[in-house]
Amino acid sequence: MKQISDALLATFFPASCQLCGQLVETKASGIVCQKCWNDYLPFQLSKSCQKCGYPFLSLEIGNLPPKDCAYCRNTLFSLARSCGAYEGAMRASVLELKTSPYLSEKLFELIKNTLTQSNILEKVDLIIPIPLHQERLAKRSFNQAELIAEKISDFASIPLDNSSLARIKPTLKHRIGMDKIDRSNSLKGAFQVMRPRLIANQVILLVDDVFTTGSTISAATSELIRAKAKEIRIFTLARIV
Ligand SMILES: [Zn+2]
Ligand SMILES: [Zn+2]
């Protein structure tokens, strides 16, 4: 596995930063240079919704972050966290992860920091990546959400389950102009729990690369709840804010 990832690395390293064009000094930063990473600010727990992690940057010092917010009040998941906004160095790295199955040390460090700063892993029984539909998986050859989920599973010593939840309907590519209702309609019946016995009564961490409108996450969450999962928590690398 090490050999494979080194071979993959050699194809894009040494390289110039995807954002500013300067040389990427170390392969640990992935495809973005250290300076561009320094410009990227992860979400701060003290300024984020306690339930879904949405950043409230204008929150004044001394004020407690809200217990929930307009984005999460009606959701079925109990807790959600993302490393930071889908922009700059993070956006470039997430896009790269869709084509190259390599998670940089920098991304892994951000993931670990985000997970350990909250109690999101506490009592989690299973880690489940948002699955791709077979057709898309065949085209892409790997699922980027699974790549992230695998890393978390290794790091936290919590089992990864990549087969109990399946995407049985190819979802339309999200288009500009599609609103939240269009998105959730296109996701109706998209997910199916294949092995309900393994899901029942479990606390599950559902993992994806980007939290967009939350429609994908909601569809997968409600299917897992329907299969009697005890609690669903969400982790994504990035979130569109
Ligand atoms: Zn740069
Ligand atoms: Zn919230």
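**Loop residues**

I started with asparagine 201, which sits in the loop between α8 (196–199) and β5. The model is a predicted one, and I read every entry below with that in mind. Asparagine 201 is not a glycine, yet I find a positive phi of about 70° for it. I then asked whether asparagine 201 is buried or exposed. It has 11 C-beta neighbours inside 10 Å, so I logged asparagine 201 as exposed.

I looked up lysine 123 next, in the loop between α4 and β2. Lysine 123 also carries a positive phi, of about 65°, without being a glycine. I count 10 C-beta neighbours inside 10 Å for lysine 123, and therefore put it down as exposed.

**The sheet**

I asked in what order the strands of the open sheet run. The four strands are ordered β1-β6-β5-β2, and the pairing is parallel. β1 (79–85) and β2 (126–129) are the edge strands; each has a single partner strand, so one side of each has no neighbour in the sheet. From one strand to the next I note a twist that averages 20°.

I followed the pairing of β1 with β6 (residues 231–239), which is parallel and runs over six bridges. One residue pair I wrote down is arginine 81 with its bridge partner in β6, phenylalanine 235. Two helices that pack on the sheet went into the notebook here. Helix α4 (residues 105–117) touches β1 and β6, and its direction makes about 140° with that of β1. Helix α9 (residues 215–226) touches β5 (203–211) and β6, and its direction makes about 165° with that of β5.

I also checked how covered β1 is. Five of the seven residues of β1 are buried, so I logged the strand as mostly covered, taking 20 or more other C-beta atoms within 10 Å as the cut-off for buried.

**Helix α4**

I compared the length of α4 with what its residue count predicts. Its 13 residues should span 18 Å at 1.5 Å a residue, and I find the end C-alpha atoms 18 Å apart, which agrees.

Which residues of α4 are buried? I listed Lys106, Leu107, Leu110, Ile111 and Thr114. These residues lie on the same side of α4, because the arc they cover around the axis is only 140°. The general rule I kept beside this is that an α-helix has 3.6 residues a turn, so residues three or four places apart point the same way. Glu105, Asn113 and Thr116 are exposed on the other side of α4. I then looked for what covers the buried residues of α4, and found among the elements α2 (34–38), β1, α3 (88–97), α6 (144–156) and β6.

I took leucine 110, which lies in α4, as a single residue to follow. Leucine 110 has 22 C-beta neighbours inside 10 Å and therefore counts as buried. Leaving aside neighbours within four places in sequence, I find leucine 110 in contact with Pro42 and Cys83. I also noted leucine 121, eleven residues from leucine 110 in sequence and 15 Å from it in space, C-alpha to C-alpha.

**Helix α3**

For α3 my list of buried residues reads Ala89, Met90, Ser93 and Leu97. They are on the same side of α3, because they cover an arc of only 95° around the axis. I see the buried residues of α3 packing against α2, β1, α4, α6, β5 and β6.

**The core**

The largest nonpolar core came out at 56 residues. Which of them have the most contacts inside it? I wrote down Val32, Ile148, Ile204, Leu206, Val207, Ala220 and Leu224. β5 gives the most to this core, with six residues.

I followed leucine 224 outward, not counting residues up to four places away in sequence, and found that it touches Leu165, Val193, Ile199, Ile204, Ala229 and Ile232.

From there I went to leucine 165, in strand β3 (residues 165–167). Leucine 165 has 25 other C-beta atoms within 10 Å, so I logged it as buried. With residues up to four places away in sequence again left out, leucine 165 touches Ile128, Pro131, Phe191, Val193, Ala220 and Leu224. My last entry is the spacing of leucine 165 and isoleucine 199: they are 34 residues apart in sequence and 9.0 Å apart in space, C-alpha to C-alpha.

Methods
Residues are numbered from 1 along each chain as its sequence is written. Chains are lettered from A and ligands numbered from 1 in the order in which they are written. This is a predicted model: local features need pLDDT of at least 70, side-chain atom pairs count only at pLDDT 80 or more; totals for chains, interfaces and linings use all residues. Two strands pair if DSSP finds at least two bridges between them. Axes are lines fitted to C-alpha atoms, for helices over the stretch in contact, and angles run from 0 to 180 degrees between N-to-C directions. Two residues are in contact if their C-beta atoms, placed from the backbone, lie within 7 Å. A residue is buried if 20 or more other C-beta atoms lie within 10 Å of its own, exposed if 12 or fewer, and partly exposed in between; C-beta atoms are placed from the backbone. The expected span of a helix is 1.5 Å times one less than its number of residues. The arc is that of the directions from the helix axis to the C-beta atoms. A nonpolar core is a set of buried Ala, Val, Leu, Ile, Met, Phe, Trp, Tyr and Cys residues joined through C-beta atoms within 7 Å.
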